[in-house]
Amino acid sequence: MPRPSQQIDQALLASGRTLLPQTGCAGLSVRALAEHAGVAPGMFHYHFRTREAFLRSVMQSAYEEMFARFTLEAAQGEGPVEQLRAIVASMAEAARA
């Protein structure tokens with residue numbers, strides 16, 4: 001019987017998004033990431049296998065969130081110029097963050 005998900009992978013991804021701006025890709029250690037997420041380091045390897053796979057997942061989730069925000073911003077504009085302004089403002093905010 002499979003064990004119920006405790007959303008450990010999501011906790012690791014959230015910790016990665018928090019730690020990456022501070023450490024960069026090269027400075028992010030599995031041990032520090034697992035400690036920040038409150039999980040055993042073995043859970044990192046169970047869910048992601050490698051740092052590269054983890055970094056791809058973190059970046060993919062960040063891009064998906066960013067593009068969803070762009071789509072939402074563009075939908076609120078009344079015309080093309082307003083839509084473009086909203087997207088550019090959202091991009092600037094994402095870059096600043």
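The largest nonpolar core in this predicted model has 16 residues. Those with the most contacts inside this core are L12, L28, L33, V39, F44, F48 and F54. Four helices each supply at least two of the core residues: α1 (8–27), α2 (30–37), α3 (41–48) and α4 (51–76). Helix α1 gives the most, with five residues. As background, nonpolar side chains tend to be buried together in soluble globular proteins.

L33 shows how the core is knitted together along the sequence. Setting aside neighbours within four places in sequence, L33 is in contact with L12, S15, G16, L19, L28, F44 and F54. Among these partners, L12, L28, F44 and F54 are also on the list of core residues with the most contacts.

**Aromatic pairs**

The count of aromatic pairs comes to three. In one pair, the rings of F48 and F54 have centres 5.0 Å apart and planes at 80°. That angle is over 60 degrees, so the pair is edge-to-face. Both F48 and F54 are buried. F44 joins F48 and F54 in one aromatic cluster. F44, F48 and F54 are also among the core residues with the most contacts.

**Helices α1 and α3**

How do the axes of α1 and α3 cross, and within what distance do they come? They come within 10 Å and cross at roughly 100°. An angle of 65 to 115 degrees counts as roughly perpendicular, so α1 and α3 are described that way. On the α1 side, the contact is made by I8, D9, L12 and L13. On the α3 side, M43, F44, H47 and F48 make the contact. By class, this contact has six nonpolar, one polar and one charged residues. L12, F44 and F48 take part in this contact, and L12, F44 and F48 also belong to the core.

**Two positions in α5**

S90 lies in helix α5 (residues 80–96). A94 has its place in helix α5 as well. The table sets out both residues, with contacts listed apart from neighbours within four places in sequence.

| Residue | Relative accessibility | Class | Contacts |
|---|---|---|---|
| S90 | 4% | buried | R69, F70 and E73 |
| A94 | 23% | partly exposed | M66 and R69 |

Why does S90 count as buried? Its relative accessibility is 4%, and buried means under 20%, so S90 qualifies. A94, at 23%, counts as partly exposed. R69 is in contact with S90 and with A94. A94 and A75 are 19 residues apart along the chain, and their C-alpha atoms are separated by 18 Å.

Notes:
Residues numbered from 1 in each chain as written. Predicted model: local features only at pLDDT ≥ 70, side-chain atom pairs only at ≥ 80, totals over all residues. Heavy atoms only, no water. Buried < 20%, exposed > 50% of the residue type's maximum accessible area, 1.4 Å probe, protein only. Contact = heavy atoms within 4.5 Å. Core = buried A, V, L, I, M, F, W, Y, C linked by side-chain atoms within 4.5 Å. Phe/Tyr/Trp six-rings, centres within 6.5 Å; stacked < 30°, edge-to-face > 60°. Axes fitted to C-alpha atoms, helices over the stretch in contact; angles between N-to-C directions. Parallel < 35°, antiparallel > 145°, perpendicular 65-115°, else oblique. Nonpolar A, V, L, I, M, F, W, Y, C, P; charged D, E, K, R; others polar.
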